[in-house]
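Here is a note for a colleague who is new to reading protein structures. Please keep the model open beside the text and look up each residue as it comes.

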Amino acid sequence: MLERIKELKKEIEEIVANSVEEAEGLRIKYLSKKGEISKLFEEFRNVSADQKKEIGQAVNTLKEFAQEKINLLREGLQEQETKGYGIDLTLPGESMKLGTRHPISIVKNEILEIFKRLGFVVSEGPEIEDDWHVFGALNFADDHPARDMQDTFFIQRDPDILLRTHTSSVQVHDMETKKPPIRTVTFGRVFRNEAISYRAHCMFHQIEGLYIDENVSFADLKQTLIYFAKEFFGENAEIRMRPSYFPFTEPSAEVDVSCSICGGKGCNVCKNTGWLEILGCGMVDPHVFEASGIDSKKYTGFAFGLGIERIAMLKFGINDLRLYFENDVRFLQQFESAH
Ligand code: 2NL
């Protein structure tokens, strides 16, 4: 019998269980009424009196050993299962969902990088402005329609305070506080009082550039924009300029880029013209310089402004402005990871 006890001890030393159920199975196998150890107790009845003490002790020790071992196994497994450690560590991991950059941010970063390479410095300013920095200093007439409540959001208590309708206000601050040469690009949210539809929104994003120095010419403006168009739309991109009007520039132009979708042949994106309008620009009006304390006899400058939503629409084929601001994950997920 001692031999059998030894064997069982060795066997129990080596038992393992992968789940609470398996541990319970082991308990039944060794410790239940019909278990291996209970069988030993039955046999014990037939043991001769002189061996009873020794074998009795050995069987009891074995029983305690088995109880302790199986209890330990069960407790360990219960802890693992409640803490979730019972998972199979050899399974492939679940992939972590990474955020994506917003298409407006992607385009903004790309455009700012192009102008930073040309020596432009990025400046930012407030979304809530006074009339002077949005209109007055930029040569808007007192009765200019942009000053109308139909077009601009004013703060009710004080009509001098409003939401900026373009980011040029940031550059007015730059002109007031810096001396030429000034080379600055600004970006940010602008606000206009418009009914929301697929092609208009009351809030959108602009990038504007301003370069002021002695002898800055329209040729510098054009060359800068050609460089920008080729960097952003590709080496084959061409631009054309059409005369236009803005209160703050003279002369002014609207700039089209050759349609990158049809290569200029004509398609539904460029409405068969081969050209896509991308920005407005011009030479800074001398009135604008004087309003901010810059000597318009000594300095000239060019400026341009573009809407980021429009460029992102062209780049990504987005056909409804409202998609940008709904934050629908199915839309946002389609853009490049932020990491
Ligand atoms: C457009 C036209 C433009 C500017 C923005 C500017 C800024 C200063 C002085 C003069 Cl401080 N001009 N900015 C100039 C011409 C056009 O934007 O259609 N943007 C979407």
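1. Phe302 is a good place to begin, since at 1% relative accessibility this residue counts as buried, where buried means under 20% relative accessible area, exposed over 50%, and partly exposed in between, as found with a 1.4 Å probe on protein chains only. Before going on, please note that this is a predicted model, in which local features need pLDDT of at least 70 and side-chain atom pairs count only at pLDDT 80 or more, while totals for chains, interfaces and linings use all residues. Residues are numbered from 1 along each chain as its sequence is written, and side-chain values use heavy atoms, with hydrogens and water left out.

2. The ring of Phe302 belongs to a wider set, for a search of the whole structure finds 14 aromatic pairs; here rings of Phe, Tyr and Trp (its six-membered ring) pair if their centres lie within 6.5 Å, and planes under 30 degrees apart count as stacked, over 60 as edge-to-face and the rest as tilted. The rings of Tyr211 and Phe302 have centres 5.4 Å apart and planes at 80°, so this pair is edge-to-face. Because Tyr211 lies in strand β6 and Phe302 in strand β10, the pair ties together parts that are 91 residues apart in sequence; helices (H or I, at least four residues) and strands (E, at least two) are DSSP runs, numbered from the N terminus. Tyr211 also counts as buried, at 18% relative accessibility.

3. A second pair of rings is formed by Phe228 and Phe232, whose centres are 5.9 Å apart and whose planes stand at 25°, so the pair is stacked. These two residues are four apart in helix α8 (residues 218–233), and are therefore separated by about one helical turn. Phe228 is buried, with a relative accessible area of 1%, and Phe232 counts as buried too, at 9% relative accessibility. Ring pairs link both of them into a cluster with Phe115, Phe120, Tyr211, Phe233, Phe302 and Phe304.

4. Which residues come nearest to the ligand? Of the 15 residues around the ligand, these are Glu208, Phe248, Gly280, Ala303 and Gly305, and a residue is taken as near if one of its heavy atoms lies within 4 Å. An N or O atom in the side chain of Glu208 is 2.7 Å from a nitrogen atom of the ligand, and a backbone N or O atom of Gly305 lies 3.2 Å from a ligand nitrogen atom. The protein covers 88% of the 480 Å² of accessible area that the ligand has on its own, an area that comes from the Shrake-Rupley method with a 1.4 Å probe.

5. The shell around the ligand can also be read by element, and those that give two or more residues to it are α7 (168–177), β6, β9 (275–284) and β10 (300–307). Strand β10 gives the most, with four residues. By class, the shell has eight nonpolar, six polar and one charged residues, where Ala, Val, Leu, Ile, Met, Phe, Trp, Tyr, Cys and Pro count as nonpolar, Asp, Glu, Lys and Arg as charged, and the others, Gly among them, as polar.

6. Strand β5 (residues 182–191) deserves a careful look, because eight of its ten residues are buried and the strand is therefore largely enclosed by the rest of the structure. Three bridges join β5 to strand β1 (residues 121–123), and these strands run parallel, with Val122 standing opposite Val185 in β5; two strands pair if DSSP finds at least two bridges between them. Strand β6 (residues 203–213) pairs with β5 in the antiparallel sense over ten bridges, and Gly188 stands opposite Gln206 in β6.

7. Elsewhere, an open sheet of three strands has the order β2-β4-β3, with antiparallel pairing, and its edge strands are β2 (128–130) and β3 (154–155), each of which pairs on one side only. Strands β3 and β4 (residues 158–163) are joined by two bridges, and the bridge partner of Phe154 in β4 is Leu162. Ile155 has its place in strand β3 and is partly exposed, with a relative accessible area of 33%.

8. Finally, please find Asn46, in the loop between α3 (36–44) and α4 (49–83), which counts as exposed at 69% relative accessibility. The C-alpha atoms of Asn46 and Asp130 are separated by 107 Å, and these residues are 84 apart along the chain.

Methods:
A polar contact is a pair of N or O atoms within 3.5 Å; within protein, one must be able to donate a hydrogen and the other to accept it, and residues adjacent in sequence count only if both atoms are side-chain atoms.
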